[in-house]
Amino acid sequence: MTNQEYRIAVFAGDGVGPEIMNEAIKVLTTLADKKNIRISLKDGLIGGSAYDAFGTPFPDQSLNLALESDAVLLGAVGGPKWEGLDYSVRPERALLGLREKLGLYANLRPVVVFDELVDASPLKKNLVQGIDIMILRELTGDVYFGKPRGVSKDKDGLRTGINTMIYNEEEIRRIAVRAFELARARRKSLLSVDKANVLESTELWRSVVTETGRDYPDIELKHMYVDNCAMQLVRNPSQFDVIVTTNLFGDILSDEAAMLTGSIGMLPSASLGETSALYEPIHGSAPDIAGKNIANPLATILSVALMLRHSFNMPQEASWVEKAVADVLKEGWRTQDIYSAGTKLTGTEEMGTAVVRQLVSRIF
Ligand code: IPM
Ligand code: MG
């Protein structure tokens, strides 16, 4: 057996990014050492910190580093310091640039409610217990990238803003295929979310998803309008398993679904293309708590698990990391965002150390 080396680009980013990344790297390197997995980690700058150093949030050397890697691990980007900047150099542009340049069209956002955290949800316990939803968001099309776009002014000075909601059938088909494959590996049911009663681009979406479904007779396919889905997610979330949807709808629905779990600090994500992949927590850079050792590193640690599963084909190792996280929660350790009476408050670094301890005891 060859001992392949996995090259990982590490973009810690801004705000709490560096702190949470430290803990994720601690978990990853522990696993690599113990299981003799060869990894090479290379740091790069992205977002506000890259803007400060190079005048651009997405320098060429960072793009090249990402292109040369097997996987990218990202912390978070952005902060008030850069909010006044022109759109073209805002930290968020780096994220969009990475998605576009690496062709990361399939964004997996698992929404899992850990039993231990069921009280952290603003919804009633009986509604959220056992929730395990996979949102698959298309990530390189739609109004995010559609042209024409921009703000123009006519001769009378009237300003008009425009963005274009656009999908071609190939873009729809490739995400639909991913969705059916995901559904097949889970509970064999797929919900496609659109606004086909009003928007032609999503009428095409519905047709192409339905056509693709003919190759997956074992999967039960349903469709739902996005407004109804937004309502159902709060009314009865346990009806959902795999949800596939467009870029914009997925952006909105995934934030809504994240709140079912009580803390956005728990949720990892994977963005997959044909040859590249990026893993990041779905939360932002939380500049208000940066540098205080109070941020929750678990979403980033769980992103490492997604990387092991989807980029390195190591499902066993991935589930060790996930179980180590669950064990730490069982022991009662909580960062501030998921703290409740009767549990034990801990810091970012200590939380990472606790996961490492559980992981080591699981491996040996
Ligand atoms: C997300 C974020 C991004 C998006 C922003 C930061 C550009 O909200 O990843 O969901 O809108 O896609
Ligand atoms: Mg979002």
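Helices and strands are DSSP runs numbered from the N terminus, helices having at least four residues and strands at least two. That numbering tells you where to find Ile289, which sits in the loop between S12 and H10. Keep it in mind as you go, and remember that the model on your screen is predicted.

**Stop 1: the whole protein**

Start with everything in view. How many helices and strands does the protein have? There are 12 helices and 14 strands. Along the principal axes, the C-alpha atoms fill a box of roughly 65 × 50 × 50 Å. A compact globule of 364 residues would have a radius of gyration near 21 Å, and the protein agrees because its own value is 21 Å.

Now switch on the surface. Its accessible area is about 16,300 Å², and 51% of that belongs to carbon and sulfur atoms. Buried residues make up 54% of the 364 residues. If you colour by charge, you will find 40 positive and 48 negative side chains, with the centres of the two sets 3 Å apart. Among contacts with a separation of 6 or more, 75% are between residues 24 or more positions apart.

**Stop 2: the nonpolar cores**

In soluble globular proteins, nonpolar side chains tend to be buried together. Which residues touch the most other members of the largest nonpolar core? Select Tyr279 and Leu298: they do so in a core of 67 residues. A second, separate core has 20 residues, including Val128, Ile133, Met224 and Phe249.

Go back to Leu298 and show what surrounds this residue. Beyond its neighbours within four places in sequence, Leu298 is in contact with Gly265, Met266, Val325, Leu329, Ile338, Met351 and Val355.

**Stop 3: Val328 in a helix**

Next, select helix H11, residues 315–330, and pick out Val328 within the helix. Is Val328 buried or exposed? Val328 has 0% relative accessibility, so the residue counts as buried. Setting aside residues within four places in sequence, the contacts of Val328 are Trp333, Met351, Ala354, Val355 and Gln358. Try a distance on one of these: from C-alpha to C-alpha, Val328 and Ala354 are 6.4 Å apart in space, with their positions 26 residues apart in sequence.

**Stop 4: Cys229 in another helix**

Move to helix H8, residues 226–235, where you will find Cys229. This cysteine has 0% relative accessibility and therefore counts as buried. Show its surroundings: leaving out residues up to four places away in sequence, Cys229 touches Val193, Met224, Phe240, Ile243 and Leu253. Met224 is also one of the residues of the second core. For a long view, draw a line from Cys229 to Leu65: their C-alpha atoms are separated by 39 Å, and they are 164 residues apart along the chain.

**Stop 5: Glu169 and helix H6**

Now pick Glu169, which is found in helix H6. At 40% relative accessibility, Glu169 counts as partly exposed. Apart from residues within four places in sequence, Glu169 is in contact with Leu204 and Val208. Ser49 is 120 residues from Glu169 in sequence, and their C-alpha atoms are 38 Å apart in space.

**Stop 6: loops with backbone details**

Select the loop between helix H6 (169–185) and strand S8 (189–194) to find Lys188. What is the phi of Lys188 near? Phi is near 60°, a positive value in a residue other than glycine. Lys188 is partly exposed, with a relative accessible area of 37%.

Asn293 is another stop of this kind, in the loop between strand S12 (277–281) and helix H10 (298–310). Asn293 is not a glycine, yet its phi is positive, at about 60°. With 27% relative accessibility, Asn293 counts as partly exposed.

For a peptide bond, select Lys147 and Pro148: the bond from one to the other is cis, with omega near 5°. Pro148 is in the loop between strand S5 (132–138) and strand S6 (150–153).

**Last stop: back to Ile289**

Finish in the loop between S12 and H10, where Ile289 is found. Which residues does Ile289 touch, not counting those up to four places away in sequence? They are Val16, Glu19, Ile294 and Ala295. To end the tour, draw a line from Ile289 to Lys147: the two are 142 residues apart in sequence and 37 Å apart in space, C-alpha to C-alpha.

Definitions and conventions:
Residues are numbered from 1 along each chain as its sequence is written. Chains are lettered from A and ligands numbered from 1 in the order in which they are written. This is a predicted model: local features need pLDDT of at least 70, side-chain atom pairs count only at pLDDT 80 or more; totals for chains, interfaces and linings use all residues. Side-chain values use heavy atoms; hydrogens and water are left out. The radius of gyration is taken over C-alpha atoms; the globule rule is 2.2 Å times the number of residues to the power 0.38. Buried means under 20% relative accessible area, exposed over 50%, partly exposed in between (1.4 Å probe, protein chains only). Contact means heavy atoms within 4.5 Å. Accessible areas come from the Shrake-Rupley method with a 1.4 Å probe; for residues, only the protein chains shown count as cover. Lys and Arg count as positive and Asp and Glu as negative; His and the chain ends are not counted. The place of a charge is taken as NZ of Lys, CZ of Arg, CG of Asp or CD of Glu. A nonpolar core is a set of buried Ala, Val, Leu, Ile, Met, Phe, Trp, Tyr and Cys residues joined through side-chain atoms within 4.5 Å.
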